[in-house]
Amino acid sequence: MINVEKIVCGLLKENCYILYDSNKNALIIDPGGHFDTIHNFILQNWLNVCGILLTHGHFDHIGAVKPLQDLGYKVYIHQLDSDKCSNLELSLAKQFSRIETFVPDYTFECDKQVLNIGGFEVTVLHTPGHSKGSCCFCIDKYLFSGDTLFHNGYGRTDFYDGNSGQLFESLNLLKNYAHLQLMPGH
């Protein structure tokens, strides 16, 4: 059984998720901020963080990555959004927020690629539109959708690499995953 903790981060109320199993292995999805809150939860629950998954590279989803990566946690992101991790302008941080840049440890590029990280089976769905490298993650009975899909809407497409046509194609793809519990980015 997988437990899921949601931590709401920053001014944009981004959802960071910490998943952990009975063996205390954990994944962090989209640590957009509040490093201390995330780190304290990990320490208080004696979790072994096996990886950080990023649905995309915008500042509000990656703000706490660098200090977590400095603790030895490996970072995963789609290749098409990896440039945002080291570029404050591309991540939109230059306009909206201050974050530390970083280099991801692993990139993926295949749709429906399955990653096995610390005993978690993660199916990566490439869902471009909000950004060119936006992804959703299917883990157990959950769909972690980042800014592709919200409970009552979807992410913006007016940033430099957004594309409304691609987003609507991605939303159509996600209809096949309607049986999973939606865990949106906001």
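1. Strand 9 (residues 135-139) and strand 10 (residues 142-146) run antiparallel and are joined by 3 bridges, and within this pair F137 stands opposite F144 in strand 10. Strands here are DSSP runs of E with at least two residues, helices are runs of H or I with at least four residues, and both are numbered from the N terminus; two strands are said to pair if DSSP finds at least two bridges between them.

2. On provenance, this is a predicted model, in which local features need pLDDT of at least 70 and side-chain atom pairs count only at pLDDT 80 or more, while totals for chains, interfaces and linings use all residues. Residues are numbered from 1 along each chain as its sequence is written, and side-chain values use heavy atoms, with hydrogens and water left out.

3. Strands 9 and 10 belong to an open sheet of 5 strands with the order 7-8-9-10-11 and mixed pairing. Its edges are formed by strand 7 (113-117) and strand 11 (181-184), each of which pairs on one side only. From one strand to the next the twist averages 25°, where axes are lines fitted to C-alpha atoms (for helices over the stretch in contact) and angles run from 0 to 180 degrees between N-to-C directions.

4. An open sheet of 6 strands, also with mixed pairing, has the order 1-2-3-4-5-6. Strand 1 (3-9) and strand 6 (106-108) have a single partner strand each, so one side of each is left without a neighbour in the sheet. Neighbouring strands of this sheet are turned against each other by 20° on average, direction ignored. At the strand 6 end, strand 5 (residues 75-78) runs parallel to strand 6 and is joined to it by 3 bridges, with T107 as the bridge partner of I77.

5. Strand 3 deserves attention in the 6-stranded sheet. It is joined to strand 2 by 4 bridges in the antiparallel sense, I28 being the bridge partner of I18, and it pairs with strand 4 in the parallel sense over 5 bridges, where L53 is the partner of I29. Strand 2 and strand 3 form a hairpin with 4 residues between them, and K24 in the turn has a positive phi of about 75°. All 5 of the 5 residues of strand 3 are buried, that is, under 20% relative accessible area (exposed is over 50%, partly exposed in between, with a 1.4 Å probe and protein chains only). Both faces are covered, with N25, L27 and I29 on one side and A26 and I28 on the other.

6. Helix 1 (residues 35-44) lies across strand 1, strand 2 (14-20), strand 3 (25-29) and strand 4 (48-53), and runs at about 15° to strand 2. The largest nonpolar core has 28 residues, and those with the most contacts inside it are I18, I28, I38 and L54; such a core is a set of buried Ala, Val, Leu, Ile, Met, Phe, Trp, Tyr and Cys residues joined through side-chain atoms within 4.5 Å. Among the elements giving two or more residues to this core are strand 2, strand 3, helix 1, helix 2 (59-62) and helix 3 (65-69). Leaving aside neighbours within four places in sequence, I18 is in contact (heavy atoms within 4.5 Å) with residues including V4, I7, I28, I38 and F41. Apart from this core lies another, of 20 residues, among them L19, L27, I117 and F137.

7. Two buried polar residues sit in loops and may merit a look. S91, between strand 5 and helix 4 (93-96), has 0% relative accessibility and touches G57, H58, F59, I62, K84 and I99, residues up to four places away not being counted. T127, between strand 8 (120-126) and strand 9, likewise has a relative accessible area of 0%. The side chains of T127 and T148 are joined by a polar contact of 3.0 Å, a term for a pair of N or O atoms within 3.5 Å, of which, within protein, one must be able to donate a hydrogen and the other to accept it, residues adjacent in sequence counting only if both atoms are side-chain atoms.

8. With a disulfide taken as a pair of cysteine sulfur atoms within 2.5 Å, the count comes to 0. The sulfur of C9 is 5.0 Å from its closest cysteine sulfur, in C16, which is too far for a bond, and that of C85 is 12 Å from its closest, in C135, again too far. C9 is buried at 3% relative accessible area, and C85 is buried at 2%.
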